[in-house]
Amino acid sequence: FTLSANQNIPESQCYLGFIYYNLNKNKSLNYYMTAAQNNDSKAQFIIGYFYLTGQNVTKNTKEALKYFT
């Protein structure tokens, strides 16, 4: 998955975010953010949820709304 994630395949980036979630929060967040920026809807929802709840990022409902819409 790392090879395809490095080739900007958003599904792989999102999947690596999931894999790293319990192992390395920063790495997980970076993969989710990259996937979200590459228009992966699952990653966008997850990042929005992180901002809404303050999980792994500073709580910010305005930023969350950007990812939900």
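**Figure 1. Thr-53 and its place in helix H4.** Thr-53 is part of helix H4; helices are DSSP runs of H or I with at least four residues, and strands are runs of E with at least two, numbered from the N terminus. The model is predicted, so local features need pLDDT of at least 70 and side-chain atom pairs count only at pLDDT 80 or more, while totals for chains, interfaces and linings use all residues. Residues are numbered from 1 along each chain as its sequence is written, and side-chain values use heavy atoms, with hydrogens and water left out. With a relative accessible area of 37%, Thr-53 is partly exposed (buried is under 20% relative accessible area, exposed over 50%, partly exposed in between, with a 1.4 Å probe and protein chains only). Its C-alpha lies 8.9 Å from that of Ala-64, and the two residues are 11 apart in sequence.

**Figure 2. Confidence along the chain.** The mean pLDDT of the chain is 95, where pLDDT is the predictor's confidence in each residue, from 0 to 100. A value of 70 or more is reached by 100% of the residues. Helix H1, residues 2–6, has the lowest confidence, with a mean of 90. The highest confidence is found in H4, at 97.

**Figure 3. The largest nonpolar core.** This core has 14 residues; a nonpolar core is a set of buried Ala, Val, Leu, Ile, Met, Phe, Trp, Tyr and Cys residues joined through side-chain atoms within 4.5 Å. Ile-47, Phe-50 and Tyr-51 touch the most other members. Two or more residues come from each of helix H3 (25–37), helix H4 (41–53) and helix H5 (61–68). H3 gives the largest share, 5 residues. Tyr-51 is in contact (heavy atoms within 4.5 Å) with residues that include Met-33, Val-57, Ala-64 and Tyr-67, leaving aside its neighbours within four places in sequence. Thr-58, Lys-59, Asn-60, Thr-61 and Glu-63 are also among the contacts of Tyr-51.

**Figure 4. The buried residues of H2.** In H2, the buried residues are Pro-10, Ser-12, Gln-13, Cys-14, Leu-16 and Gly-17. They pack against H1, H3 and H4. Ser-12 has a relative accessible area of 8% and therefore counts as buried. Beyond residues up to four places away in sequence, Ser-12 touches Phe-1, Ser-4 and Ala-5. Gln-13 is also buried, with a relative accessible area of 1%. Not counting residues up to four places away in sequence, Gln-13 touches Ala-5, Asn-8, Tyr-31, Tyr-32, Thr-34, Ala-35 and Asn-38. Gln-13 and Tyr-49 are 36 residues apart along the chain, and their C-alpha atoms are separated by 17 Å.

**Figure 5. Ser-28 in helix H3.** Ser-28 is buried, with a relative accessible area of 1%. Setting aside neighbours within four places in sequence, Ser-28 is in contact with Gly-17, Tyr-20 and Tyr-21. Gly-17 is itself one of the buried residues of H2.

**Figure 6. Two loop residues with positive phi, Asn-8 and Asn-39.** Most residues other than glycine have a negative phi. Asn-8 lies in the loop between H1 and H2 and has a positive phi of about 60° although it is not a glycine. Asn-39 lies in the loop between H3 and H4, and its phi is near 70°. With a relative accessible area of 63%, Asn-39 is exposed.

**Figure 7. The salt bridge between Glu-63 and Lys-66.** The structure holds 1 salt bridge, defined as a side-chain nitrogen of Lys or Arg within 4 Å of a carboxyl oxygen of Asp or Glu. Side chains of opposite charge can pair when their charged atoms come close. In the pair of Glu-63 and Lys-66, the closest N and O atoms are 3.3 Å apart. Both residues lie in helix H5, 3 residues apart, which is about one turn of the helix. Lys-66 counts as exposed because its relative accessibility is 57%.

**Figure 8. A nonpolar patch on the surface.** Phe-1, Tyr-15, Phe-18, Ile-19 and Leu-23 form the patch, and together they have about 570 Å² of accessible area. Patches are made of residues with over 30% relative accessible area and no salt bridge, like charges being joined within 9 Å and nonpolar side chains (Val, Leu, Ile, Met, Phe, Trp, Tyr) within 5 Å. Areas come from the Shrake-Rupley method with a 1.4 Å probe; for residues, only the protein chains shown count as cover. Ile-19 belongs to helix H2, residues 10–20. At a relative accessible area of 34%, Ile-19 is partly exposed.
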